[in-house]
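Visitor: I have this model open in front of me and would like a close look at one part of the interior. Please take me through a single position and then work outwards from there.

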Amino acid sequence: MKFRPLHDRVVVRRVDAEEKTVGGIIIPDTAKEKPQQGQVLAVGPGKRDETGKLVRPDVKAGDQILFGKWSGTEVKIDGEDLLIMKEDDIMGVVEGAAKAKSSGSAARKAGVLAAAIALGLLVALPFAAF
C-alpha cells in the first residue's frame with residue numbers, strides 16, 4: 001500500500017532503541033522506553049496560512065528527527081509500526097556528522113568515568129569498616 005500524508009503531516013519510522021547502555025549493561029525489553037528519534041518516510045505538501053498561501057514543510061523524506069515523547073499517532077501500514085504526526089510535533093532535525101561525533105565522545109567520557117569510579121572503589125574498599 002502506498003500512503004500519502006495530507007497537509008503538514010509527516011510519516012515517521014522510529015529508530016530502534018539501544019539494546020545496552022554505554023557502560024555495557026543490557027536493557028530488558030520491559031524497561032526500554034520508546035525512542036524519540038525517527039526517520040521521515042513521507043511528508044505532506046504543507047499547510048495553508050491565513051492568506052491561503054501554501055507553507056511547505058521544513059523536513060523532507062530521509063531526515064533523522066527528534067520528536068516529543070507523546071507525539072503522533074501510532075499506525076500499522078503494511079505490517080510496519082509507524083507514526084503519523086504534524087510537523088509542529090517535530091523538535092528538530094539531527095545532523096549526521098554531529099550525531100556520530102557526539103555519541104563517540106559521550107562513550108569515551110562514560111568509560112573514563114566508570115574507570116575512575118572503579119579505581120576509587122578499589123582504593124577505598126580495604127579501609128572500609130564492616
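Guide: Leaving aside the neighbours of Val59 within four places in sequence, this residue is in contact with Val10, Val43, Ile65, Glu87, Ile90 and Val93. The model is a predicted one, and contact here stands for heavy atoms within 4.5 Å. Several of these partners reappear when one turns to the largest nonpolar core, which has 9 residues in all, namely Val10, Val12, Val40, Val59, Ile65, Phe67, Leu83, Met85 and Ile90. The elements that give two or more residues to this core are β1, β5 (64–67) and β7. A second core, separate from that one, consists of 5 residues, among them Val11, Ala42, Ile77 and Leu82. In soluble globular proteins, nonpolar side chains tend to be buried together.

The strands behind these cores can be followed through the sheet. An open sheet of 6 strands is paired in antiparallel fashion, and its order is β6-β7-β1-β2-β5-β8. Its edges are formed by β6 (73–77) and β8 (90–94), each of which pairs on one side only, and neighbouring strands of the sheet are turned against each other by 45° on average, direction ignored.

Within that order, strand β1 (residues 9–14) runs antiparallel to strand β7 (residues 80–86), and 4 bridges join the two. Val12, a member of the largest core, stands opposite Leu83 in β7, and Leu83 belongs to that core as well. Val11, by contrast, is listed in the second core, and this residue stands opposite Ile84 in β7.

On the other side of β7 lies β6, joined to β7 by 5 bridges in an antiparallel arrangement. Ile77, which is part of the second core, has Glu80 in β7 as its bridge partner. The hairpin of β6 and β7 has 2 residues between the strands, and in this hairpin Asp78 takes a positive phi near 55°.

Set against the whole chain, these details belong to a protein with 1 helix and 8 strands, in which the elements run β-β-β-β-β-β-β-β-α from the N terminus on. Of the 130 residues in the protein, 20% are buried. Among contacts between residues at least 6 apart in sequence, 62% join residues at least 24 apart. The accessible surface of the protein comes to about 9,800 Å², and carbon and sulfur atoms account for 60% of that area.

How values were computed. Residues numbered from 1 in each chain as written. Predicted model: local features only at pLDDT ≥ 70, side-chain atom pairs only at ≥ 80, totals over all residues. Heavy atoms only, no water. Buried < 20%, exposed > 50% of the residue type's maximum accessible area, 1.4 Å probe, protein only. Areas by Shrake-Rupley, 256 points an atom, 1.4 Å probe, with all protein chains shown as cover. Pairing = 2+ DSSP bridges. Axes fitted to C-alpha atoms, helices over the stretch in contact; angles between N-to-C directions. Core = buried A, V, L, I, M, F, W, Y, C linked by side-chain atoms within 4.5 Å.
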